[in-house]
Amino acid sequence: MNRALSAYGLPLAAGMALSLGQEPVALPVTILPALVLFALLLQGLDPRAAAGRAWLVGFGYFGLTLTWIVNPFYVEADLYSWMAPFAAVLLPAGLAAFWAVGVWIALRIGRGMGAWALGLILAELARAHLFTGFPWVQFGQGYLDTISSPLMSYIGAEGLSVLTIVLAAVAAATKRYRWAIVPVCAALMLPAFPYSPEPQISNGPVVRLVQPSAPQDEKWIPERAEAFYRRMIAATEAEPPVDLVVWPETAIPYLLNYSGPILTDIADASNDTPVIFGVNREEGGLYYNSLAMVGAGGAVDAIYDKRHLVPFGEYIPFGDLLSRFGIHGLAAADGAAYAAGQSGELITVAEVGGIVPLICYEGIFPSMSASAERPRALVLITNDAWFGPDAGPRQHFAQARLRAIEQGLPMVRVGNTGLTAMIDARGAVTASLPFETVGYVDAALPQAHEETIFARFGSWPLVIVILLSCSAVAIRRRLISG
């Protein structure tokens, strides 16, 4: 019994404790102790046994943090609810496999807490970038409202995750390295100190954030879709006038190609103030999840097509390959519901300046918020109604705030059901709407900060440090074995 508890129960419990650092619980003080326990549970094990325990920790972690993944399957429950249990198990199991493989490889070439740390770091980087990447609930994201969060403007949330793993490894090895006890104890205390900078209110251009709050299971019903559209029109024509109006992702339930009268209607409601909204469009037989900006007279002044699509949600991986075997018809292209956009250029908005457009899932990738030309702001439109009212949208919103800190830029975030907010360049919320509330809020666009270190260099310094660490571990192993 005790052996089974040690082999299976404790690793699962460590992963579950680690998950408490993320939204919706958001207790960052649990992150480092849980990681230390993770490291100690692998102490003295061979690579194969350690990989097994690492998988159990990962399954406990991702199993709790990603409970929201089942919600989309209940939107049309009669068709898709049978898939929910598979998603609830397979996604955490697959993500946990990254940890297992990373630990196994690292312990094959090294040993001790240093090898554990390197293995987990490589696993987290692989999870964030391989197979289109899924950098969700990285450890650093849990430190959003602590005094550690300003570090993200230098090393990003990913770098803060790496630093957390290194600190956990040092803490787990303090029996051997006693000099580390004091700095490790200090590091363990950091998450206990909240950091809530005063929101930076400015006299910049005023943006109207419109939240129609359309339940996902009603969003495409024709008569309900018209009512949701009228909510947004009423909000857009309200006084006083503003400099920019933003609607959420897929705000219009019609293809942009056939929306001429609707675009004129929008321009009339806004009195020719630019309006940004989400819409689907077709071009060359392919369909795109797009962001459009309509200006005077209903003219489409800019279009951005979503570039980073959601696997299985917006496209089927390897769809073109499967079409060669006669598997067709999933949507617009062979095996793909949407085609990926190509252009990542800034959109220039009168009275505002250049903005980086982002659609939903793209907000979780730091590289998508980067731009060769320094923008005035980030604008993210989303539809989190798919994922319920709790963990999923809250975790997504936290990542939007991280992107603002990393880039030193304000972010306009507009969701169909929420969370809708104006976020300043330090990640503070200056104005917001409650979740699942119909309405709008007018907010001055906060000032952009100077270009941050992370905005200038991205993750390249981190990659170089990790490559050097891998080389050092391999060389040390060879010297010891030789």
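**Reading a buried residue and a sheet**

Modeller: Let us begin with one residue: Ala93 lies in helix H5, which covers residues 84–109. Please bear in mind that this is a predicted model.

Colleague: Is Ala93 buried or exposed?

Modeller: A residue counts as buried when its relative accessible area is under 20%. Ala93 has a relative accessible area of 18%, and is therefore buried.

Colleague: Which residues is Ala93 in contact with, leaving aside its neighbours within four places in sequence?

Modeller: Ala93 is then in contact with Trp55 and Phe59. Trp55 is 38 residues apart from Ala93 along the chain, and their C-alpha atoms are separated by 7.7 Å.

Colleague: I should now like to turn to the sheet. What order do the strands of the open sheet have?

Modeller: Strands of a sheet pair through backbone hydrogen bonds, either parallel or antiparallel. Here six strands form an open sheet in the order E5-E4-E3-E2-E1-E12, and the pairing is mixed. Strand E5 (300–305) and strand E12 (439–444) are the edge strands, each pairing on one side only. From one strand to the next, the twist averages 35°.

Colleague: How many bridges join strand E1 to E12?

Modeller: Strand E1 (residues 206–211) and E12 run antiparallel and are joined by six bridges. Gln211, for instance, has Gly439 in E12 as its bridge partner.

Colleague: Which strands does helix H9 lie across, and which does helix H10 lie across?

Modeller: Helix H9 (residues 222–236) lies across E1, strand E2 (244–246), strand E3 (275–283) and E12, and runs at about 160° to E1. Helix H10 (residues 260–270) lies across E3, strand E4 (286–294) and E5, running at about 170° to E3.

Key. Residues are numbered from 1 along each chain as its sequence is written. This is a predicted model: local features need pLDDT of at least 70, side-chain atom pairs count only at pLDDT 80 or more; totals for chains, interfaces and linings use all residues. Side-chain values use heavy atoms; hydrogens and water are left out. Two strands pair if DSSP finds at least two bridges between them. Helices (H or I, at least four residues) and strands (E, at least two) are DSSP runs, numbered from the N terminus. Axes are lines fitted to C-alpha atoms, for helices over the stretch in contact, and angles run from 0 to 180 degrees between N-to-C directions. Contact means heavy atoms within 4.5 Å. Buried means under 20% relative accessible area, exposed over 50%, partly exposed in between (1.4 Å probe, protein chains only).
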